[in-house]
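Hello,

Here is the structure I promised to pass on. My notes follow below it, and I hope they help you find your way around.

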Amino acid sequence: APCATLIGKVLMLHEIPTPPHSRQRCFIALFLVLLLLLSLAPTAFAGSMDNCLAGADCNHQAAIGSTHYDTLTEALNEATPGAVINLLGKEVSLNIGDTAITLEEVTIQNGILNLIDNSAGTNAMLFINNVRFSDLEVHVGSYKAYALFYLEGPFKISKSTITVKTTPASGATNTFYSDEAEYKLTIDNSTISIDGADRGIVNSDVELTNKSSFSIANSAIAMNSASMTVSDSNVKIQNARSHGYTNGTLIMESGGSIEVDSVGHLGINCGDGSIFKEGSSVSVSNSCTASPYAGQDIAIRTNGDLTIQSGASVDCDGTLYALTNGDVTIGDGNYKNVVEADGTDAISISGGSFDTDVSAFVVGGKTLAKVDQTNASTYLVGDPAKLANQIQSLSSLSSVEVLKGDLALSGLPGGVSVSNKGGGFGKRTYSK
């Protein structure tokens, strides 16, 4: 109101006829008024506004606290450590362009973020150091960077979705890349979908938790992590020209699942200390389809200790191959074959279903039985009572041959033969 009054007075002065010698003083007065206006409203010319009152009509793209910014770039430039950048529920585009952008000790939340690379070079990267995405929907089209998210510190994605659709031909190498394993990538109650990037995650320790989902398709190496823990979440890898999951320790917690299908090299290549816990699910199919692994039929390979607990669901249509530098303990699951590297004594089996004879690996106190059905023979390992219930529930059963341990069967259909390797003790009950 004071400004309006002052402007009105100046205009009135301008309307009063003045002699020529007074015009210079009028122009000076107008100039002084303009300077006063600039001093009274500096934020109108600085790209930010404190306590924006426009409400739903606010045209700002981002806010830090009560300060609103015309663009997200301005907010990023003004952000201090610990800042929370609010996208105000808007759809905002950020050009990662030819100049890499560093995000450090900030949270970006509440909106739709489009990451755009319209550069001619390969420098379109976001350097990440102790950053959190929360309540965000992130979209990424074709990009040419060595790494879209280059981790120089922890990165947590919470209650968000990130969708990446690109092609290797564009130069898109890594989506998440870390120089050091301690730069952890945490995916919490979020969905990540990557299609076409050469590699999905490289070198980071990764944790998926709280009903998260990570899927990657049409890559070279899908995941080359230092380690990965999957808890109450799922990972899906499809159509990798090289490996599916490789090198790192893989910890599958109860409720966690990983599905690998159609990969040129190894489906899962576990690091030392890997464990598939009770209630977890692991599936590998159609691996080793390309040179130099073509024809080797290795679905899961171990580079150290691997423990598969009883109650873990493992569906492996190829070989589980144990190298010489670790012990493999199998308590459950379905396997086409298990093989030890030459000169090693690595595998011990206490439960599971196998397409080949695993007599050499069954531990003491467990029973091994060969079960013939109409179209297949299966080797079953487990506790005698549990195994008996499993066998008695099978359909199209023709014969049961106990190869190791004790087994008592009853209620089998007529015509089903029960025997041991050297001769039978009856068709209904057997003890060795």
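Leaving aside neighbours within four places in sequence, which residues is Ser 190 in contact with? They are Ile 157, Ser 158, Lys 159, Ser 160, Lys 211, Ser 212 and Ser 213, where contact means heavy atoms within 4.5 Å.

Before I go on, a word on the basis: this is a predicted model, so local features need pLDDT of at least 70 and side-chain atom pairs count only at pLDDT 80 or more, while totals for chains, interfaces and linings use all residues. Residues are numbered from 1 along each chain as its sequence is written, and side-chain values use heavy atoms, with hydrogens and water left out.

Back to Ser 190: it sits in the loop between strand 14 (185-188) and strand 15 (191-195). Ser 190 is buried, at a relative accessible area of 1%; buried means under 20% with a 1.4 Å probe, counting protein chains only. A polar atom of its side chain is 3.0 Å from the backbone nitrogen of Ser 160.

As for the whole protein, it has four helices and 40 strands (DSSP runs, H or I of at least four residues and E of at least two, numbered from the N terminus). Of its 432 residues, 46% are buried.

The largest nonpolar core (buried Ala, Val, Leu, Ile, Met, Phe, Trp, Tyr and Cys residues joined through side-chain atoms within 4.5 Å) has 94 residues, and Phe 214 is one of those with the most contacts inside it. Among the residues that Phe 214 touches are Phe 176, Ile 187 and Met 223. A second, separate core has 14 residues, including Val 371 and Leu 412.

Best wishes

Methods: Buried < 20%, exposed > 50% of the residue type's maximum accessible area, 1.4 Å probe, protein only. Polar contact = N/O pair within 3.5 Å; in protein donor to acceptor, adjacent residues only side chain to side chain.
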